[in-house]
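Please open the structure in a viewer and follow the selections below in order.

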Amino acid sequence: MEERYNPLEIESEAQQYWDSNQVFAAKEDEQKEKFYCLSMFPYPSGKLHMGHVRNYTIGDVISRYQRMQGKSVLQPMGWDAFGLPAENAAIKNKVAPAEWTYKNMDEMRGQLQRLGYGYDWSREMATCRPEYYRWEQWMFTRLLKKGMVYKKSAVVNWDPVDQTVLANEQVIDGRGWRSGALVEKREIPQWFMKITDYADELLEGLDKLDGWPEAVRTMQANWIGRSEGLELQFGAVDGGESLTVFTTRPDTLMGVTYVAVAAEHPLAVKAAESNPDIVLFLDECSKMETSEAALETMEKKGMDLGVTVTHPVSGDDIPVWVANFVLMGYGTGAVMAVPAHDQRDWEFATKYGVDIKAVIRSVQNAESDESSDVSEAAYTEKGVLYNSAQFDGMNFEQARDAIADYLEEQQLGKRKINYRLRDWGVSRQRYWGCPIPIVNCPTCGAVPVPEEQLPVVLPEDVKFDGVGSPIKKMPEFYQTSCPECGRDAERETDTFDTFMESSWYYTRYSCSDQSEKMLDSRVDYWAPVDQYVGGVEHAILHLLYARFYHKLLRDEGLLNSDEPFKNLLTQGMVLKDGVKMSKSKGNTVDPQPLIERYGADTVRLFIMFAAPPEQSLEWSDSGVEGAYRFIKRIWRLVYAHIEGSSPVDSVVVAGLRESSELTDEQKDIRRITHQTIKKVGDDVGRRLTFNTAIAAVMELTNALSKFGSDSDELILNRAVMQESLEAVTLLLSPMVPHLTHRLWSLLGHKQAVVDVAWPEYDENALIEDSINMVVQVNGKLRAQLKVSASASREDIESQAVAEESVVKFLDGKVPIKVIVVPGKLVNLVVK
RNA sequence: GCCGAGAUGGCGGAAUUGGUAGACGCAGCGGAUUCAAAAUCCGCCGGCAGCAAUGUCUUGGGGGUUCAAGUCCCCCUCUCGGUACCA
């Protein structure tokens, strides 16, 4: 054995062993329990960053641990290869998006391999390959025929200078990021998937996802936003339009003093015809950002349209306003306003001098004649109705039902369940994405591309200048004939949202070599994913779309499970100096030089040690140095143990479990060793707190350093040491697989550590004769107590009150209460 | 704005079910080894008071529940993630 730890030599040897023995090739072995461990696949952006290293190390540790549990493990890797950054890079570096993407994949694949992750590389996929996206196109055409897909117009950010649709992140303070031009809203026809048809199932399914963080389930439930309410009509006045609105507070109906519509609403457009001020206002609204955050935080503005509608109960004329915070695309494009009982409406009404009519008062004031005080703010509590004609005196539930009954009878409204969730718009006016398999025929309309003509291949050899998508200017791409009537027609040149690819990739890993169909029976061996690992930033969109798509696949008969991801671990970000690492801030740490200097094991160990996976992780160069020291310390411990003598035979080590000849010191070491095995098993297997697992092994090695410095002439000492060092090796092997691959062999084993079972602790070694307890007086720590493990409550109590410092603080008084927490503490309460 | 999460020594973090706050590591200080350095080993290491024993304060801020609160409840501040075309 070399005295010096040499990571480069050790790591390349271990990796060669795994590779030449196909150790991580996943097999559909029906005799074994399967475990599908998946880390979110990366966007091939260039090089790996620390966030990737963290994500993939967590996944690899879990995979290797599960393998040691005897399971048949699948841990695949691939590339989320379509997306906006490739287009940006293309503009910047004058290189085609495809070429840039493939180059990055090669670079990053090499880095992943250098880090020693146990992937089944034979299943690698890239979503930009036609072999992959053809099935996505195929599925889309199936869904279209089924009616799960439809076309409608929706707004996009339009850059009038670059003549391009901008992503929300490309709009900065209302301007295009490159041109600086004021962004305009533009309505264009787009494809949508009916995720709202699955809203209830997606919501109810959350209850069963007990392997998911509660926070993620809550966020998804709030995102879906199921609410029960009433949809009702405000009637048309002399030839105008009637308006439909939805409300969850029908009890406030009699307090409506105006109705607000979106700028694109027909009523607003019509009113503008005769009022230039309204034209100006609508024009202002068309230069707004489309993101929800921008909408909610901007100044709320509106204008009286000078038209009225009829209140469905009172028959009063209700003025119609146009407001910038009402959106045409969501709901009915109109809302009823109750300034007395809704804070946003109150602020709007106060600002523009619209009437405020209070109709709800608190239950306490129900019998009085007092009005609710709405002079400073809206009264938003549920209460009792007044000023509400036949509904006076009713509480919320009574009024809700009575008003719903009344309006349904009058055919002016109906009970409705509403969702905040909106249908999924999947069209993108971009080049670097999966072509939408549709032919637009002047005669037949939108026709799906027939199965035998799939895939519609995206041309990769293009010039990309950032002004529109190249395929929109390529007749050789878009000119085609209609699959139905055979006449000249044009292909759809929009591409899919990239969430489309990431919504089903985890199923395709089960059969990535299958060229005849989207999925085969192997998907039901592997799916669902047992452990999914990725950033918390995907808590809503990606994870909700994937859950939706899984149900679509199920309902197409392609697989047999309801949910894609059984357990979910949402990992925190990697920070430097307290802020997120990013190129723009110039605070990134490149893993490559660290791997070259310290080896992959040190980098893996540090990133697992520095913080629990769900928390953000503060990067520390000196912390890496510490991880390296720890590895070298283990190396020296093993070196000292075996140098000059051979490893202790495994029969002798096993005999320790039955031995009655151990000294107290030997028993102590065995107790610490087996406590550590127990704790690390729990930390790695159940809690997924790898940082505390590593800390526990550090404590064990600290104890071993002291133990080992004593005479080790005795065979029992050497046996205890051997047992402990083997435990250290096995417990750390998921985190530092290369080091432990070598150590296990040095400790005298023929079998590779990767094939060894996770260790089991010896219950008998854990038993302690005496226990330390603390004594408190009035909750304050006053003494330490060593009591026998079998001591009774009375023994402990009498020992406690006899302690010198306890006597001092009791000050002659007799405790009025004594709390004994077994094995922990005694609390004496005095007055 | 809304939804979700977080805040503990000089720093990263630990405390798993309400029961010894600060495990483990980093940095720092002192010592050993060395011609010297690196590497390594040993010791100390939250604030205040004290020679010390020890006392006292302390988990973002304010209130509360409890024999006992970092942990539970209420209010507030700040930071981070998401907010439907970044992935």
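Begin by selecting Tyr-36, whose bridge partner in strand 2 is Leu-74. Strands here are DSSP runs of E with at least two residues, and helices are runs of H or I with at least four, numbered from the N terminus. This is a predicted model, in which local features need pLDDT of at least 70 and side-chain atom pairs count only at pLDDT 80 or more, while totals for chains, interfaces and linings use all residues. Residues are numbered from 1 along each chain as its sequence is written.

Next, select strand 1 (residues 34–39) with strand 2: the two pair in the parallel sense over three bridges, where pairing requires that DSSP find at least two bridges.

Extend the selection to the open sheet, whose four parallel-paired strands run in the order 2-1-26-27. Strand 2 (72–74) and strand 27 (565–571) each have a single partner strand, so one side of each is left without a neighbour in the sheet.

Now add helix 2 (residues 50–68), which packs on the sheet and touches strand 1, strand 2, strand 26 (529–535) and strand 27; contact means heavy atoms within 4.5 Å. The direction of helix 2 makes about 175° with that of strand 1, taking axes as lines fitted to C-alpha atoms, for helices over the stretch in contact, with angles from 0 to 180 degrees between N-to-C directions.

Finally, select Lys-667, Asn-764, Ala-765, Ile-767 and Asp-769, which lie nearest the centre of the second largest pocket, among its 18 lining residues. A pocket is an open set of points on a 1 Å grid over the protein atoms alone, where a 1.4 Å probe fits, with protein on both sides within 12 Å along at least five of seven lines; lining residues have an atom within 4 Å of a point. Helix 22 (residues 664–687) supplies the largest share of this lining, five residues.

Definitions and conventions
Chains are lettered from A and ligands numbered from 1 in the order in which they are written. Side-chain values use heavy atoms; hydrogens and water are left out.
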